[in-house]
Amino acid sequence: MNAPALDSRRRFLNACRAQPVDRPPVWLMRQAGRYMAAYQKLRQRYSFMDLCKIPEAALEVTMQPIHAFGMDAAIIFSDILMPLEAMGLPLQFTEAGPRFEWAVKDSSDLSRLRVPDAGKDLGYVAQAMRLVRKELGEEKALLGFAGSPMTLFAYAAEGGSSHHFNRARAMMYSNPDLVHALLDRLTPLITDHLLMQIEAGADAVQIFSSHADLFPVEHYRRFNLPYLNAIVEAVAKTGKPVILFARGTWSLLESMLESRPQAVSADWRVGLAEYRAALPASVAVQGNFDPAMLFAAPFRVREEMTRAFNSLDGDPHGLIINLGHGVLPGTPEENVAEFVRAVKEYPWKAAGSRHETV
Ligand code: CP3
């Protein structure tokens, strides 16, 4: 017997809590963005920063993929780097990625940083969130997000994006006190930013530890874990689920679980069935298809996804279907449509309790 159909919001929240669902919810990291013609069109009129800071524009971009493809959840259109800009690091998004006007290199740079007020300095995110919540209605889930302390530290130390974050990695050895001092400044701001998004209507939040795979696990434990734990603990008091993303998921899994997220967002290097076997039954797994898969023909996308779902015995429990990282620019829109349909049309098994791992 099939489980009664749930609305997207209930399905998403049940999935985060590893409670029964009719099918897993589906959304994609970077589901709004450059691969969409509708986004490109708006970008001719607005800079990326404007799209983030003008609430009506952020509303429109947030809704574009929902209207076009019908994901179960929307994610607010913004960027993890906005809190750094609010701290006084002027930010530009260039062809080569984000660039700050200056980088944090020593303690005198640290004293140049402002102590922002999330409510005031990032208030445009909350305003956009309220607009999206109204437009989405009661039946779709809305996600807020933030970067992890270590990820934001890495961008601040580097002065923008970087292949290997060499300067940030070096600073962890040469000046750990400075790193901790910056993390101490970032943590309350990230916490307030997430709490503000929840107050403005987010059903759940995702924390991105995006480049965690570049750092020794020991440094993740020293320079991310305690700060992350404080943030997750503060969000947990609201009762809203936290999804924790880190690239290099498999090698960080034990440490990630120590932060007690409701869901772990996994990259694509190890299969979903392995994650399900490795995670406690109460922790959901989100993911984890290779974003490059979406460059194959639609029938191949469907085939790959069916194979992965079969490897889970068609059991939808504790599962949020997503990519293992963001949608790549140039991805055919038709394949994003197929990705969503493949989840909706798969013959998922009826709701029951998730198999305990032995
Ligand atoms: O749809 C969504 O997922 C919501 C919006 C969103 C963006 N960035 C929009 C964006 C989210 C959740 C992010 C998170 C983000 N931003 C992360 C964490 C996720 C990850 O990718 O690991 C990171 C590391 C950033 C920093 C960032 N922002 C980089 C490195 C870049 C340039 C490279 C790139 O992918 O474009 C951005 C720019 C950015 N953020 C764009 C978008 C839509 C492209 C802007 C444009 O050129 O129009």
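Here are short legends for a few views of this predicted model.

**View 1. The whole chain, helices and strands together.**
Start with the overall picture: the chain holds 17 helices and 9 strands. Measured out along its principal axes, the C-alpha trace spans about 65 × 50 × 40 Å. A compact globule of 358 residues would have a radius of gyration near 21 Å, and since this chain comes in at 20 Å, the two agree.

**View 2. Inside and outside.**
How much of the chain is buried? Buried residues account for 58% of the 358 residues. As for what does face out, the accessible surface of the chain adds up to about 14,800 Å², and carbon and sulfur atoms supply 50% of that. The chain also carries 38 positive and 40 negative charges, and their mean positions sit 1 Å apart.

**View 3. Contacts across the sequence.**
Take the contacts in the chain with a separation of 6 or more: 74% of them link residues 24 or more positions apart.

**View 4. Strand β9, covered on both faces.**
Zoom in on β9, which runs through residues 319-323 and is mostly covered, with 5 of its 5 residues buried. Leu319, Ile321 and Leu323 lie on one side of the strand, Ile320 and Asn322 lie on the other, and all of them are buried.

**View 5. β8 alongside β9.**
Which way do these two strands pair, parallel or antiparallel? Strand β8 (residues 284-289) pairs with β9 in the parallel sense, over 5 bridges. Look for asparagine 288 here: its bridge partner in β9 is asparagine 322. That partner, Asn322, is one of the buried residues from the previous view.

Conventions
Residues numbered from 1 in each chain as written. Predicted model: local features only at pLDDT ≥ 70, side-chain atom pairs only at ≥ 80, totals over all residues. Heavy atoms only, no water. Helix = DSSP H or I, 4+ residues; strand = E, 2+ residues; numbered from the N terminus. Rg over C-alpha atoms; globule rule 2.2 N^0.38 Å. Buried < 20%, exposed > 50% of the residue type's maximum accessible area, 1.4 Å probe, protein only. Contact = heavy atoms within 4.5 Å. Areas by Shrake-Rupley, 256 points an atom, 1.4 Å probe, with all protein chains shown as cover. Lys, Arg positive; Asp, Glu negative; His and termini not counted. Charge placed at Lys NZ, Arg CZ, Asp CG, Glu CD. Pairing = 2+ DSSP bridges.
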